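Trainee: Could you take me through one part of this model closely, namely its enclosed empty space and the helices around that space? I would like a connected account rather than a list.

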Amino acid sequence: MIIKNNYGHTIRASYIGYITQAIINNFAPLLFLTFQREPYNIPLGQITLLVSLNFAAQLIVDALAVKFADYIGYKPLAVTAHICAASGLAGLAFLPGIMPSPFSGLLASVIIYAIGGGLIEVLISPIVEACPTEESKKSSVMSLLHSFYCWGLVFVIIASTLFFVFFGIENWRILACLWAVIPSFNAFYFSRVTVFTLTAKEESMSVGKLASSKLFWILIILMVCSGASEQAMIQWASVFAEAGLKISKTMGDLAGACLFAVLMGISRVFYAKFSEKINLRKFILRSGILCAVSYTLASLSPNPVISLIGCALCGLSVGIMWPGTFSIAARTCPKGGTALFALLALGGDLGCSAGPAVVGFVSGITGGDVKTGILSGIIFPLVLILCIASLSKIREKPG
C-alpha cells in the first residue's frame with residue numbers, strides 16, 4: 001500500500017526507466033568493433049543499420065502510441081516496455097548463435113528491445129509530468145528525470161569497461177544478461193506503483209489540431225535535432241576514439257563517451273537546480289552554439305586530446321536540448337496530452353536514428369574516415385540554432 005499511495009515511487013521507477021533506456025541504446029555500440037571481428041565479421045554498413053533500426057523501431061512505436069496509449073493505459077504499457085527491454089538484451093547473448101546468421105540474431109534482439117525503448121520514451125515523461133508535483137517545479141523535475149539517462153549511460157560505460165578489463169570482452173554475452181536484470185526488476189516495480197495520467201482524453205488536443213500549429217512543427221524539428229546532435233556523437237564515440245583517434249578502447253570509452261555522459265548529466269542537474277532563474281530558450285540557443293563548436297573540435301583537431309575534449313563538451317551542450325524541448329512543449333501546449341508527448345518522442349527518435357546514420361554513411365563513403373563522419377553531424381546543432389531563434393518570435397498557445 002505504501003508504494004501504491006506514494007508518487008515518489010512512481011518517479012523512482014521512472015528514473016530506472018531512463019536508466020533502462022540508456023542501457024538499450026548504448027550497450028551494443030560499445031561492441032561495434034567486436035561485431036566486426038571474428039566470429040561475426042559484420043561489415044560497417046550493417047552495424048550502422050543496427051543503430052538506425054533501433055531508433056527506427058522506437059520511432060514506429062512512438063507513432064503507434066499516439067493511438068493506443070490512452071486506450072491501453074500507461075501502467076500495462078510501462079510493464080510491457082521493460083519486459084521487451086529485458087528480453088532484447090538477453091537475446092543479444094543467445095539469438096546470434098541460433099538464428100540463420102549472427103546479424104539476423106543481433107537484428108532481432110535490437111528490434112525487441114527497441115520496442116521497449118520506444119514505449120519508455122513515450123510513457124515516462126508524461127507519467128512524471130502527470131505526477132502531482134508543484135507546477136513551478138515541473139520543468140526542474142523533468143530535467144532531473146532526463147539526467148538519469150545520462151547517469152545510466154555513465155553506469156553502462158564504466159561497468160561494461162570494467163567487466164571487459166577483468167573478464168575479457170569475449171565474455172560480453174554474460175554482461176548482456178546481467179544488464180537485462182535491471183529492466184526485469186523495473187517491470188515488477190512499475191506493476192506496483194500508482195501511475196498518473198495527463199489531460200483526460202476528451203480534453204486533449206487532436207493530432208490534426210496539433211499539426212495545424214506552426215509552434216508544434218518547430219518543436220518537432222527541435223526534437224529531431226536534439227536527438228541527432230546527441231546520438232550522432234555518442235553512438236560513434238567508441239569507434240571514433242579507437243579507429244579515428246587511434247587510442248585504446250578503454251581510454252576512448254572512459255575519456256570520450258563516459259565524460260560525454262557525465263557532462264550531459266551535469267547540464268541537466270544544473271538546470272533542474274536553477275531552472276527558476278534560467279531563460280530556457282536562451283539556454284538551449286547557447287547550448288546549440290556550444291554543440292556546433294564541439295563537433296568542430298572533435299572532428300578537425302589534429303590532437304586526440306582536444307578531439308576528446310570536443311566529444312565531452314558535446315555532452316554538456318546537448319544536455320538541455322531534449323528535456324528543455326519537452327518543458328517548452330508542456331508550457332505552450334498544455335492540452336497536448338499523450339499525443340503531444342508521443343509525437344515529440346517520435347521526432348526525437350527520428351533524430352536519434354538519423355544522426356548516427358548520417359555519420360555512418362559519410363564515414364562509409366569516405367573510406368571509413370570516422371572523423372569526417374563526425375564533422376557531418378554539425379548540421380544538426382546548426383538547424384537547432386535556427387529553430388530556437390525562430391521559436392522566440394512565436395506567441396501562439398494552441399489548445
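Mentor: What follows goes from the cavities to a helix pair and then to a single residue. Please keep in mind throughout that this is a predicted model, and that every value below is computed from it.

The structure holds four cavities of 30 Å³ or more, and the largest cavity contains about 100 Å³ of space. Its lining is made up of 13 residues, and those nearest the centre of the largest cavity are Tyr18, Glu121, Tyr149, Glu230 and Trp322. Helix H1 (7–26), helix H6 (138–167), helix H10 (214–234) and H16 are the elements that each give two or more residues to this lining, and H1 gives the most, with three residues. Sorted by class, the lining of the largest cavity comprises five nonpolar, four polar and four charged residues.

The second largest cavity, with about 90 Å³ of space, has a lining of another make-up, as its class counts show: 11 nonpolar, three polar and no charged residues. In total 14 residues line the second largest cavity, and Ala28, Phe32, Leu50, Val110 and Tyr113 lie nearest its centre. The elements that give two or more residues to the lining of the second largest cavity are H1, helix H2 (32–36), H3 and helix H5 (102–130).

H3, from the lining of the second largest cavity, and H16, from the lining of the largest cavity, also pack against each other. Helix H3 covers residues 44–72 and helix H16 covers residues 337–365, and the two pack at an angle of about 170 degrees with their axes 8 Å apart. Because angles over 145 degrees count as roughly antiparallel, H3 is roughly antiparallel to H16. By class, the contact of H3 with H16 has 17 nonpolar, six polar and three charged residues.

Finally, helix H10, one of the elements that give two or more residues to the lining of the largest cavity, contains Ile220. With a relative accessible area of 13%, Ile220 is buried, because buried means under 20%. Leaving aside residues up to four places away in sequence, Ile220 touches Leu343, Leu344 and Gly347, whereas between Ile220 and Leu106, which are 114 residues apart in sequence, the C-alpha to C-alpha separation in space is 30 Å.

Definitions and conventions. Residues are numbered from 1 along each chain as its sequence is written. This is a predicted model: local features need pLDDT of at least 70, side-chain atom pairs count only at pLDDT 80 or more; totals for chains, interfaces and linings use all residues. Side-chain values use heavy atoms; hydrogens and water are left out. Axes are lines fitted to C-alpha atoms, for helices over the stretch in contact, and angles run from 0 to 180 degrees between N-to-C directions. Helices (H or I, at least four residues) and strands (E, at least two) are DSSP runs, numbered from the N terminus. Angles under 35 degrees count as roughly parallel, over 145 as roughly antiparallel, 65 to 115 as roughly perpendicular and the rest as oblique. Ala, Val, Leu, Ile, Met, Phe, Trp, Tyr, Cys and Pro count as nonpolar, Asp, Glu, Lys and Arg as charged, and the others, Gly among them, as polar. On a 1 Å grid over the protein atoms alone, a cavity is a set of points where a 1.4 Å probe fits but cannot get out, and a pocket is an open set with protein on both sides within 12 Å along at least five of seven lines; lining residues have an atom within 4 Å of a point. Grid points are joined across faces, edges and corners, and a volume is the space filled by probe spheres set on the points. Buried means under 20% relative accessible area, exposed over 50%, partly exposed in between (1.4 Å probe, protein chains only). Contact means heavy atoms within 4.5 Å.
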